[in-house]
Amino acid sequence: MSNFSSPPSRRTFLKLGGAVGAGFALSGFRPFTAQAAPARPAVADLVADTAATTLWYPAPAAEDHVIEQALPIGNGRIGGLVGGDPAADYLYFTDSSLWTGGINDQVQSDGQLPYGRDDFGSFGLLAKVRLKLPAHTGVRDYRRTLDLSNGLVTATYGLRGAKYRREVYASHPDDVVVIHLTQQGGGSYTGSVTLEGTRGEQPTAGAGVVSLGGTFANGLKYSTAVTAAGKGGQVAVSGTDVTFTGCSEVVIVVCGGTSYVPDAAREYLDATADPAAVAAGKVTAAAAVPATALLATHVKDYRGLYDRMSVNLGSSPQSRRGLDSWSRLAVRYTDPGTPDPELEASYLQFGRYLTITGSRDGLPISLQGLWLSNNSPDWYSDYHTDINLEMNYWLADRAGLKECFDALADYCLAQLPAWSDTTQRLFNDPRNRFRNSTGKIAGWAIAFSTNIYGGSGWAWHPAGNAWLCNNLWDHYEYTRDAAYLAKVYPVLKGATEFWEARLITRTIDGQDYLVSDTDWSPEHGPDAVGNTYSQELVHDLFGHFTQATEILDRDTAYGKTITGMRDRLHLPAVSPVTGWLQEWLSPENLGETTHRHLSPLVGFFPGDRITTDTAPADLIEGVRNLLIARGMDTFGWGCAWRSACWARLKDADRAYQLFLTVLRPSVSNGNGTAANFFDMYSQGSYTIFQIDANLGAPAAMLEMLLYSRPGVIEFLPALPKAWAETGRVTGIGARGGFEVDLEWRRGKVMKAVVRSVGGTETELRAGSWRETIRLRPHESITVTPH
């Protein structure tokens with residue numbers, strides 16, 4: 001089945017403006033007068049405007065700052081950025097499978113894989129959707145909102161005595177984007193909608209639908225379609241526009257797709273697919289459905305995921321609640337002594353929103369998810385495998401969104417045949433500095449970057465397979481789903497076979513150990529054998545693989561062989577020179593002291609080999625000292641990782657400080673949070689959007705509230721003072737197969753409900769309190785720690 005499943009702006013778009021506490025001015029923002037919204041249509045399951053968790057703004061997003069200001073929508077496969085201009089709106093529209101490039105299986109003179117737009121490929125835009133309402137200028141009472149509770153982007157305004165409302169969302173059940181225009185007070189809509197190509201494509205019209213598409217050099221076909229239906233007026237196709245005249249209500253429907261299939265046997269392309277026909281059929285079918293029914297279907301589906309977790313971190317000052325979201329971020333930054341727990345809870349829910357809208361049934365979340373401003377995103381918006389892709393999936397299970405993890409697992413399975421073939425043909429090329437000196441090869445490996453066609457790029461990343469397997473195993477720990485474990489077992493086994501062939505023996509302090517062959521400690525220092533990064537990830541992989549053999553009663557003899565190898569792995573000590581957990585076999589620091597990556601700490605977070613209650617005190621102190629040396633400020637994803645590590649160390653102050661560093665406004669091309677809450681990555685003269693911190697920082701927030709590993713669930717291990725007065729969170733996932741609701745007051749747990757989703761026994765902890773519980777699957781227990 002086919003998958004229906006211009007460089008970044010280098011201008012500083014934000015600047016300080018007004019007095020301290022007055023917020024930041026946005027270049028290109030055109031604020032209107034005070035906000036007042038017309039009533040929305042009555043729809044079952046819809047959270048009322050007054051009760052919804054929202055981000056809101058007093059002006060449209062300037063198109064030349066679309067990536068920092070426009071609001072995201074998505075259904076996991078298709079998505080877009082919405083501007084909200086009353087007279088000239090836009091949707092930057094994407095499909096997760098719109099990729100150039102290919103399998104990229106010819107190594108260069110250095111034995112590494114090429115990494116360019118033509119060979120490796122790049123993610124890009126499907127089209128730009130243009131909505132024009134020429135008479136809708138000079139409006140009043142404008143308000144633009146991202147409604148996290150209902151999964152909607154809205155814009156409301158007044159014009160000539162009428163109130164207008166625009167709702168935009170991407171429906172997962174109907175697989176379309178809907179733009180719904182309504183009004184109250186005798187207004188009307190006269191305008192047009194059309195498609196704009198981003199590669200010179202020209203739209204065509206037929207049967208009431210405007211379409212646009214093409215075929216890439218790699219054979220991928222793609223198409224976008226748009227149509228509309230109206231009330232009280234006329235809707236027609238005129239040239240390459242869908243026009244509407246004198247309508248009291250308009251429903252615009254957009255869909256698109258490609259001929260991509262997640263099937264290596266077909267080289268990831270369906271030669272018989274007709275994306276244009278599929279897209280046209282879907283928009284025509286949706287346009288025939290009443291608008292209230294489309295919205296009700298979307299909201300019921302979306303809230304079925306979103307409502308699994310509620311978050312209350314305490315009350316914010318009334319003065320903060322009246323501020324628009326960008327001004328509220330600014331005041332949090334300029335008045336750091338006054339917490340804003342409601343803003344911070346909305347940031348967590350925004351991460352969940354991005355997970356729901358960016359990861360369902362299609363490909364996994366890439367460096368920018370579904371949200372682009374052009375066809376030349378930095379690093380091609382690829383799948384970076386030395387933290388970014390993995391961090392993108394730290395949140396899903398913790399935040400009650402287990403279905404959203406499936407995209408990553410399915411991606412690994414679909415890519416596995418190509419990854420295995422490329423590895424076994426090319427990894428041991430004599431020019432590859434990371435080749436196996438044993439001469440043996442088995443299983444699969446990847447590079448630091450992967451695409452959707454089985455291809456890798458940049459440089460080989462031997463430990464990348466083990467890190468992806470850490471994610472895959474963790475999903476099993478949250479769900480205890482044996483059928484899922486059986487599905488991903490070939491991925492775990494192939495990575496294990498690769499490392500069985502790769503490990504070499506070194507004598508250290510008179511004892512023989514197994515160590516990784518020549519590798520890199522991402523992304524700094526020299527090539528060396530036995531780096532902590534690889535040792536920890538292989539230890540993690542081997543342990544999880546042998547558990548899988550026992551659970552599934554499969555390859556048990558091989559599992560025992562791997563257990564024996566795991567017992568012989570060299571594991572890091574604390575350097576007598578630096579006092580840090582060693583990153584290399586050498587006790588010297590061979591890299592950058594404040595480097596953005598925490599590569600040697602993968603055994604501490606996200607791994608579990610080093611824990612504060614089981615590891616020697618000097619090892620924990622080495623972890624702490626390395627974290628201190630790395631510093632408290634770096635890119636957003638680096639701060640999110642640091643925050644999670646400090647939470648594991650139960651240092652609430654540092655964990656929270658790093659979270660606030662992620663939350664700081666991005667100004668003067670600096671790292672931080674943009675007006676639309678996207679995390680911005682500074683490139684010096686410009687910033688780019690990277691989604692990993694938007695997902696990693698909320699995961700770190702949940703680590704502050706609950707730490708879990710098989711056999712242990714700890715409540716409020718690193719609760720910040722800003723959230724301590726009162727709070728309640730429901731639906732936190734816990735490893736071992738559980739789900740937890742927590743209520744606290746003045747830093748103490750008042751009540752906890754623990755539900756089994758497959759787990760049977762665990763120890764609960766809160767401070768010095770301990771209690772072991774035993775549950776059958778789907779049973780629950782309520783405890784009151786004291």
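**A walk through the chain**

Let us start at Glu523, which sits in the loop between strand E25 (519-521) and strand E26 (524-528). Strands (E, at least two residues) and helices (H or I, at least four residues) are DSSP runs, numbered from the N terminus. Glu523 is joined to Pro522 by a cis peptide bond, with omega about -10°. Another cis peptide bond links Phe605 and Pro606, with omega about 15°. Pro606 belongs to the loop between helix H13 (556-567) and helix H14 (617-630). As a rule, most peptide bonds are trans.

A word on what you are looking at: this is a predicted model, in which local features need pLDDT of at least 70 and side-chain atom pairs count only at pLDDT 80 or more, while totals for chains, interfaces and linings use all residues. Residues are numbered from 1 along each chain as its sequence is written, and side-chain values use heavy atoms, leaving out hydrogens and water.

Now step back to the whole chain. It holds 17 helices and 37 strands, and its C-alpha trace spans about 85 × 60 × 50 Å along the principal axes. A compact globule of 786 residues would have a radius of gyration near 28 Å, and the 26 Å of this chain agrees with that. That radius is taken over C-alpha atoms, and the globule rule is 2.2 Å times the number of residues to the power 0.38. Of the 786 residues, 63% are buried. Here buried means under 20% relative accessible area, exposed means over 50%, and partly exposed is in between (1.4 Å probe, protein chains only).

With that in mind, visit helix H6 (residues 341-358), the home of Glu344. In H6, 17 of the 18 residues are buried, so the helix is mostly covered. The 18 residues of H6 should span 26 Å at 1.5 Å a residue, and its end C-alpha atoms are indeed 26 Å apart; the expected span is 1.5 Å times one less than the number of residues. Is Glu344 buried or exposed? Glu344 counts as buried because its relative accessibility is 0%. Beyond its neighbours within four places in sequence, its contacts (heavy atoms within 4.5 Å) include Arg332, Tyr656, Met701 and Trp723.

Further along comes helix H10 (residues 464-479), whose end C-alpha atoms are 23 Å apart, in agreement with the 22 Å expected for 16 residues. All of H10 is covered: 16 of its 16 residues are buried, so the rest of the structure largely encloses this helix. Just after H10, Arg480 takes a positive phi of about 55°.

Helix H11 (residues 482-502) contains Ala501, which is buried at a relative accessible area of 7%. Ala501 is 65 residues from Asn436 in sequence, but their C-alpha atoms are 7.6 Å apart in space. Asn436 is one of the residues in contact with Ala501, and others among them are Thr438 and Ile441.

For a strand, look at E6 (residues 88-95), where you will find Leu91. Leu91 is buried too, with a relative accessible area of 2%. Among the residues it touches are Ile73, Val82, Ala127 and Val177.

We finish in two loops. Arg746, between strand E33 (738-745) and strand E34 (748-756), has a positive phi of about 50° although it is not a glycine. His778, between strand E36 (769-774) and strand E37 (780-783), has a positive phi near 80°. Arg746 counts as exposed at 60% relative accessibility, and His778 counts as exposed at 70%.
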